[in-house]
Amino acid sequence: MTVLSMSQQDLSRVETLMHVVSGRMTVTQAARLMSVSRRHAHRLLTRYLDDGSSGLLSRRRGRPSNRRLDDAIRDQIVALVRTHYHDFGPTLAAEYLAERHDLRISREKLRQMMIEAGIWKDRQARRPRPYQPRYRRNCRGELIQIDGSKHWWFEDRGPQCTLLVYIDDATSELMHLRMVESE
């Protein structure tokens, strides 16, 4: 028995086609339910009857994309960027590759290749952390954090006041709540 990895849409299609096979639904109703044309619903039904549930899966699954660049070209582009344009961003490097080496590649594809090769870091990886993270305390009650929130808690029925919240750092447990005039 083979285990198939199916999306929720594929599972829904299997269930719908089972209803068609059992006679509880017509192909036109199934096509409307699956949001496909009637002709495509007939194609899916034929594949379901011939191959079972696995017939509904894409036959391209597990194979490389038709739009994928050849490995030799990828290696050539990465080598050129590494030797000549290592300090360039993807946009400028793509322009120079097109102008000087007659290699036309989109900026985004070049950016992905540069990140994969370790030449470029995305914006989030380049940004230094603004603070050193403070790790949580181990024991309950070791650190109680207090925070106040000034707001119209009682809408127009009362004055504006501040809610003070006491939170345990280790467990994130609310220790105490209190309404006061101000912090």
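In this predicted model, helix α4 meets helix α6 through R74, I77, V78, V81 and R82 on the α4 side and K109, L110, M113, M114, E116 and A117 on the α6 side. Sorted by class, the residues of this contact comprise seven nonpolar, no polar and four charged ones. Helix α4 covers residues 71-84 and helix α6 covers residues 107-117; the two pack at an angle of about 75°, and their axes are 11 Å apart. Angles of 65 to 115 degrees count as roughly perpendicular, and α4 is therefore roughly perpendicular to α6.

## The three-stranded sheet

Strands of a sheet pair through backbone hydrogen bonds, in either a parallel or an antiparallel sense. Here, three strands in the order β1-β2-β3 make up an open sheet with antiparallel pairing. Strands β1 (144-151) and β3 (174-180) are the edge strands, each of them pairing on one side only. From one strand to the next, the twist averages 15°.

Strand β2 pairs with both edge strands. Its antiparallel pairing with β1 comprises eight bridges, and K150 stands opposite T162 of β2. With β3, strand β2 (residues 161-168) forms six bridges, again in the antiparallel sense. Within this second pairing, L163 has M179 of β3 as its bridge partner, while the partner of L164 is R178, also in β3. As for the surroundings of β2, six of its eight residues are buried, so this strand is largely enclosed by the rest of the structure.

Strands β2 and β3 form a hairpin with five residues between the strands, and S172 in this hairpin takes a positive phi near 60°.

## Two residues with positive phi

Most residues other than glycine have a negative phi. S172 departs from this pattern: its phi is positive, about 60°, although S172 is not a glycine. The residue lies in the loop between β2 and β3. The relative accessibility of S172 is 40%, so this residue counts as partly exposed.

D102 likewise is not a glycine and has a positive phi, of about 55°. Its place is in the loop between α5 (90-101) and α6; α6 is also the helix that packs against α4. With a relative accessibility of 57%, D102 counts as exposed.

## The aromatic residues

A pair of aromatic rings is described by the distance of the centres and the angle of the planes. The model has three aromatic pairs. Two pairs that involve F88 are set out below.

| Pair | Distance between centres | Angle between planes | Arrangement |
|---|---|---|---|
| Y85 and F88 | 5.2 Å | 50° | tilted |
| F88 and Y96 | 5.2 Å | 80° | edge-to-face |

Planes over 60 degrees apart count as edge-to-face, and the F88 and Y96 pair, at 80°, is edge-to-face. The planes of Y85 and F88 stand at 50°, so that pair is tilted. Together, Y85, F88 and Y96 form one aromatic cluster.

The members of the cluster can also be described by their accessibility. Y85 has a relative accessibility of 3% and therefore counts as buried. F88 is buried as well, with a relative accessible area of 17%. For Y96 the relative accessibility is 23%, so Y96 counts as partly exposed. Buried means under 20% relative accessible area, a cut-off that F88 meets at 17% and that Y96 does not meet at 23%.

## R13 in helix α1

R13 is placed in helix α1, which covers residues 8-22. Despite its charged side chain, R13 is buried, its relative accessible area being 14%. Leaving aside neighbours within four places in sequence, the residues in contact with R13 are M34, V36, H40, L44 and L56. One of these partners, L56, is 43 residues from R13 in sequence, whereas the C-alpha atoms of the two residues are 8.1 Å apart in space.

Terms used:
Residues numbered from 1 in each chain as written. Predicted model: local features only at pLDDT ≥ 70, side-chain atom pairs only at ≥ 80, totals over all residues. Heavy atoms only, no water. Pairing = 2+ DSSP bridges. Helix = DSSP H or I, 4+ residues; strand = E, 2+ residues; numbered from the N terminus. Axes fitted to C-alpha atoms, helices over the stretch in contact; angles between N-to-C directions. Parallel < 35°, antiparallel > 145°, perpendicular 65-115°, else oblique. Contact = heavy atoms within 4.5 Å. Buried < 20%, exposed > 50% of the residue type's maximum accessible area, 1.4 Å probe, protein only. Phe/Tyr/Trp six-rings, centres within 6.5 Å; stacked < 30°, edge-to-face > 60°.
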